[in-house]
Amino acid sequence: MEFVDDISTFQELGLCLKSHGCHVANLSSSDFSSKNGIAGCLTSLLRQFLMSTFDAADMSILVSWYSQQGNYGSPLVVIIDDMERCCGAVLSDFILMLSEWVVKIPVILIMGVATTLDAPRNILSSNALQKLCPCNFKLGSPAERMDAVVEAALVRQCSGFAVGHKVAVFLRNYFLNQDGTLTSFVRALKIACVQHFSTEPLSFLLGWLLVKEDSKGVQSEKAVKLASDLLSLARNQMAEQTDVNIAHSLTELTKLQKLWSTVVLCLYEAGKCNKTRLIDLFCEALDPDTYNSLASDGLTGTGKGFVQSLSSDHCMLEQNLSYRKGRLICQLFRRVRDLPAALLCRLLNSWKNLTVDVLEIHDKVKELQSILKLDEGSCKPDLKEISRRHSSRSPLKIGESQSINEKAAILMDWMVRDFMKPIECTPFHEIVCYRNVENLQSALIGDSRKMIQVDLLEFHKTLQCSCCRSGNIPLPSMPDTSIMYTLAQEHGDLINLHDWFQSFKTIVIQYSRKGTSKLKKSPLKKRKERNESENKSEASIQARFCRAITELQITGLIRMPSKKRRDCVQRVAFGL
């Protein structure tokens, strides 16, 4: 397991066990050091369970706490993240001590092993090993766990959020380039989600697309009112249609997502025997070019009857697979044609369970199962059929066993053609689909200092204000840091602090003078108030100047004065 992904594994495991009512304590290898002995780990154990510190650590204190009402009955779990770094003698004594109190306080030990399963035998004593009743749990590889994340977050679309083809390919490459760490992939996916909801104005409609059917009336009414803001070709094509059709299209978007998700999961089930990665299949299923090439072949089984079309589709399927040689989906077609009867039966049963909510596909799967007589109890592996499979590959000599696989492949081809429409090919996909791969790439591996400079000079794009759009001319209404950095563009690598402050003061004082009142007062009183206001204004401007200087230093754009030149600061970043 990758170390970057392993850092938070046991912490998240502890939180999960606590949420299910368990008493959990996380002990590290430092608690089992030879210096502290068994008292060190017992003290840490009592501190986490009882939330207090004791001068004399004793197991009877923990037993009395566990016997109290509210604590008794819940499992007591002790997690040791890396047992191989613990002192073997101290850990063995700790296990023996727990075994002496096992009747009154049963404890479940979860110990992490980084090397091999024989590590406990090399670390623990024979007496401690006899007290354990071990069970082995292995975590999946980073690629397997990444496929699980892709399935839950992007394929099944529990949240409705989706990504475009280019973004999916970038996420896959980013995962591979970061040494296959799941942490990097999840981080990139979170940033993509945040950027989508912060930059797409109509992304809040995503929540309305996920509501139940009984509240679709409010959803449709508000969605129609805001649909005119969509800046896509799909929106322009529907601009002349009625409001009812636009609202219907939003509902149709959710339906198409569900169909696409179901077909991708069916393809993934077909590729599990061949160890197909879901992320690779996911990227190909999102490719509009792949969908257009599959749809342009022009043959589907949706005509007069799916069963009648099975026998006449074999030659066309063979021709299409030869034409699309090399693609992952076409490899899955060939894999289905070569499956043994038992595995094919299992695959159809999986398709039947996955398509329960999609009647268009579910009925076809059940119809094929009834024709092929592959019900659950009648599928047994036939060794003679397996040995003869490769000798009957000629299209002109299709036996009964070979036609079963051909019909399953044609069913699979029909699902791909008619229902696997990528999200980018559907109207109103901007609501749910994130496609700006350039912004995601700059956020992950871009120049952060350059982004800070752009934000300081073009702050009005972020603030969405109209009072400061005057090019590079500093105005009093601008943020202090933006004024300071704009003035810094007029200097070289060294900026004189006195000149910089005077320029900043001249700009800021313009705003304060506009607010001065023109009431008639005596000259003495007027002079006194002017002096007081000038003192207060001077102090506040100095404070604002110092704060802006500090912010520019923290962001790494300037360097504070040195001992040789105390009156100047040095610019670190130049240009964009």
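User: How many bridges join β1 to β2, and how should strand pairing be read?

Analyst: Five bridges join β1 to β2, and the two strands run parallel. Two strands are taken to pair if DSSP finds at least two bridges between them. Helices (H or I, at least four residues) and strands (E, at least two) are DSSP runs, numbered from the N terminus. Within this pairing, Asn26 stands opposite Ile79 in β2. The model is predicted: local features need pLDDT of at least 70 and side-chain atom pairs count only at pLDDT 80 or more, while totals for chains, interfaces and linings use all residues. Residues are numbered from 1 along each chain as its sequence is written, and side-chain values use heavy atoms, with hydrogens and water left out.

User: What lies between β2 and β3 along the chain?

Analyst: Strand β2 is joined to β3 (residues 107-111) by five bridges, again in parallel, and Leu76 stands opposite Val107 in β3. Between these strands the chain passes through helix α5 (residues 88-100), giving a right-handed β-α-β crossover. Right-handed means that, with the strands pointing away from the viewer, the path from the first strand over the helix to the second runs clockwise.

User: In what order do the strands form the sheet?

Analyst: The open sheet has three strands in the order β1-β2-β3, with parallel pairing. Strands β1 and β3 are the edges, each pairing on one side only. The twist averages 20° from one strand to the next. Axes are lines fitted to C-alpha atoms, for helices over the stretch in contact, and angles run from 0 to 180 degrees between N-to-C directions.

User: Which helices contact the sheet, α2 and α3 included, and at what angles?

Analyst: Contact means heavy atoms within 4.5 Å. Helix α2 (residues 9-19) lies across β1, β2 and β3 and runs at about 175° to β2. Helix α3 packs on the sheet, touching β1 and β2, and its direction makes about 140° with that of β1.

User: Are the faces of β2 covered or exposed?

Analyst: In a regular strand the side chains alternate between the two faces of the sheet. Buried means under 20% relative accessible area, exposed over 50%, and partly exposed in between (1.4 Å probe, protein chains only). In β2 (residues 76-80), five of its five residues are buried. Leu76, Val78 and Ile80 cover one side, and Val77 and Ile79 the other.

User: Where is Ser33 placed, in a loop or a helix, and which residues does Ser33 touch?

Analyst: Ser33 sits in the loop between β1 (23-27) and α3 (37-50). Its relative accessibility is 22%, so Ser33 counts as partly exposed. Leaving aside residues up to four places away in sequence, Ser33 touches Cys87 and Val90. Ser33 and Cys87 are 54 residues apart in sequence, yet their C-alpha atoms are 5.5 Å apart in space.

User: How many salt bridges does the structure hold?

Analyst: A salt bridge is a side-chain nitrogen of Lys or Arg within 4 Å of a carboxyl oxygen of Asp or Glu. The structure holds ten. One of them links Arg172 and Asp280, with the closest N and O atoms 3.3 Å apart. Arg172 lies in helix α9 (residues 165-177) and Asp280 in helix α15 (residues 278-285), so this pair ties together parts that are 108 residues apart in sequence. In another, the side chains of Arg544 and Asp480 meet at 2.8 Å, N to O. Asp480 is buried at 12% relative accessibility, whereas Arg544 is partly exposed at 28%. Asp480, Arg544 and Arg547 are linked in a network of salt bridges.
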